[in-house]
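Trainee: I should like to learn how to read a structure of this kind. May we look at it together?

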Amino acid sequence: MELTAAKSSPAPGRPHPMVGIAIVALIAIAGLFYVKWSPYYARAFAAAANHAIGKSILMGTDAAAPAPSWDAAVGYALAYGKAIWQAMVLGLLLGSAIQALLPVTWVARLLGRTGFGSVLAGGLLSLPGMMCTCCAAPVVMGLRRQQAAPGAAMAFWLGNTVLNPATLVFIGFVLGWQWTGLRLALGLVMVLGLGLLANRVSPMPDQAAALLALQAEAEAQNPFVRWLKILGRMAVRLIPEYVVIVLALGAARAWLFPAIGPEIGNQFIWIAAFAIAGTLFVIPTAGEVPIIQAMLSLGMGVGPAGALLMTLPPVSLPSIAMLHRSFPPKALAAVIAGVVLLGIVGGYLAVALF
């Protein structure tokens, strides 16, 4: 891909492009090491020793979530916020830095095509991130703004959660390695298949014209000033709506997830209901592992558990709201439907295999 407005050397008074590249790389590597890689390395040993990684954030040790109330909303929002705030800060920093500090054509060259290779690249790039769906959303916004194709950005978004290497290890030690196999097999279908579907149902704008406009915007001001402005806009736009939806879901979790017991079996109605509830609800990274462990211990069938395994992590109402301007409505609707469908498939495969 060529961009005539791109320059091989910086304009007078502007930092060299390698400075911005180095800063983005430093934020990504240092941030992920501090927030994800180091804590999850230690957590894997705890999972192997204890066959658990904590209590269910959904209902703790109880058989049912608390009744809808302001206390239930605030309690969940605080617990969830404590679990993810560092990753959210990192996501905002990276999402804004991608837009302001990387050379304009970089993202488009790697992720801007609509073929399988671009979708695969997006999925592979997601593996080190290991972020929850909401914390990955600002990065996805940055990638889409820099002309990543819908399918590549979608594969990056979904891959952060369903192909998270640390979570796959936690699932194996806590739930059993057969559950890891189920998650990995259907996760690959979800990331690559729904990425290709997103490309198919999305109109493709004039990418060359968009890149020229981005180049002109980038040259209009200092990149570090632009970075701060983009970061501020993203925070102001995303955080308030994010907090409101998390509060609402925290209050409504008793409606989404009824009291758990042996009566919740492997019938289609329960598998489908939990697939839909899991798609809507929001959890921190690997939060599905203790949730499913607690529900199985209370006698719930493996079918609903399989549905939750595939639907709790990849998307949620808050992350969909955060990205509603980054993808065409038809692409988001297709991916949401695809997640629910794969959740139902996961439920029936769990019944058949386990």
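Mentor: We shall take cysteines, a pair of helices and two single residues in turn. Please keep in mind that this is a predicted model.

Trainee: Let us begin with the cysteines. How many disulfides does the structure hold?

Mentor: The idea is to look at the separation of sulfur atoms, since a disulfide requires two cysteine sulfurs within 2.5 Å. In this structure the count is 0.

Trainee: Why does Cys-135 form no bond with the closest cysteine sulfur?

Mentor: The closest cysteine sulfur to that of Cys-135 belongs to Cys-132, and the two are 3.2 Å apart, which is too far for a bond. Cys-134 also has Cys-132 as the residue with the closest cysteine sulfur, here at 5.4 Å, again too far.

Trainee: Is Cys-134 buried or exposed?

Mentor: A residue is called buried when its relative accessible area is under 20%. Cys-134 has 0% relative accessibility and is therefore buried. Cys-135 is buried too, with a value of 1%.

Trainee: I turn now to the helices. At what angle do α8 and α13 pack?

Mentor: One compares the directions of the two axes and then their separation. Helix α8 covers residues 177–201 and helix α13 covers residues 302–311; the angle between them is about 50°, and their axes lie 10 Å apart. The two helices are therefore described as oblique to each other. Their crossing is right-handed.

Trainee: Which residues of α8 and α13 meet?

Mentor: From α8, the residues are Trp-179, Leu-182, Arg-183, Leu-186, Gly-187 and Met-190; from α13, they are Val-302, Ala-305, Gly-306, Leu-309 and Met-310. Sorted by class, this contact comprises 8 nonpolar, 2 polar and 1 charged residues.

Trainee: Arg-183 of α8 meets α13. Which residues are in contact with Thr-167, apart from its neighbours within four places in sequence?

Mentor: Contacts of this kind show what surrounds a residue beyond its own stretch of chain. For Thr-167, they are Arg-183, Thr-285, Ala-286, Glu-288 and Val-289. Thr-167 itself belongs to helix α7, residues 165–174, and is buried at 1% relative accessibility.

Trainee: Where does Ser-297 lie, and is Ser-297 buried or exposed?

Mentor: Ser-297 is part of helix α12, which spans residues 288–297. A relative accessible area over 50% counts as exposed, and Ser-297 has 61%, so this residue is exposed.

Trainee: What separates the C-alpha atoms of Ser-297 and Pro-262?

Mentor: Here one sets the distance along the chain beside the distance in space. The two residues are 35 residues apart along the chain, and 9.7 Å separates their C-alpha atoms.

How values were computed. Residues are numbered from 1 along each chain as its sequence is written. This is a predicted model: local features need pLDDT of at least 70, side-chain atom pairs count only at pLDDT 80 or more; totals for chains, interfaces and linings use all residues. Side-chain values use heavy atoms; hydrogens and water are left out. Buried means under 20% relative accessible area, exposed over 50%, partly exposed in between (1.4 Å probe, protein chains only). Axes are lines fitted to C-alpha atoms, for helices over the stretch in contact, and angles run from 0 to 180 degrees between N-to-C directions. Helices (H or I, at least four residues) and strands (E, at least two) are DSSP runs, numbered from the N terminus. Angles under 35 degrees count as roughly parallel, over 145 as roughly antiparallel, 65 to 115 as roughly perpendicular and the rest as oblique. A crossing is left-handed if the near helix is turned anticlockwise from the far one by less than a right angle, and right-handed if clockwise. Contact means heavy atoms within 4.5 Å. Ala, Val, Leu, Ile, Met, Phe, Trp, Tyr, Cys and Pro count as nonpolar, Asp, Glu, Lys and Arg as charged, and the others, Gly among them, as polar.
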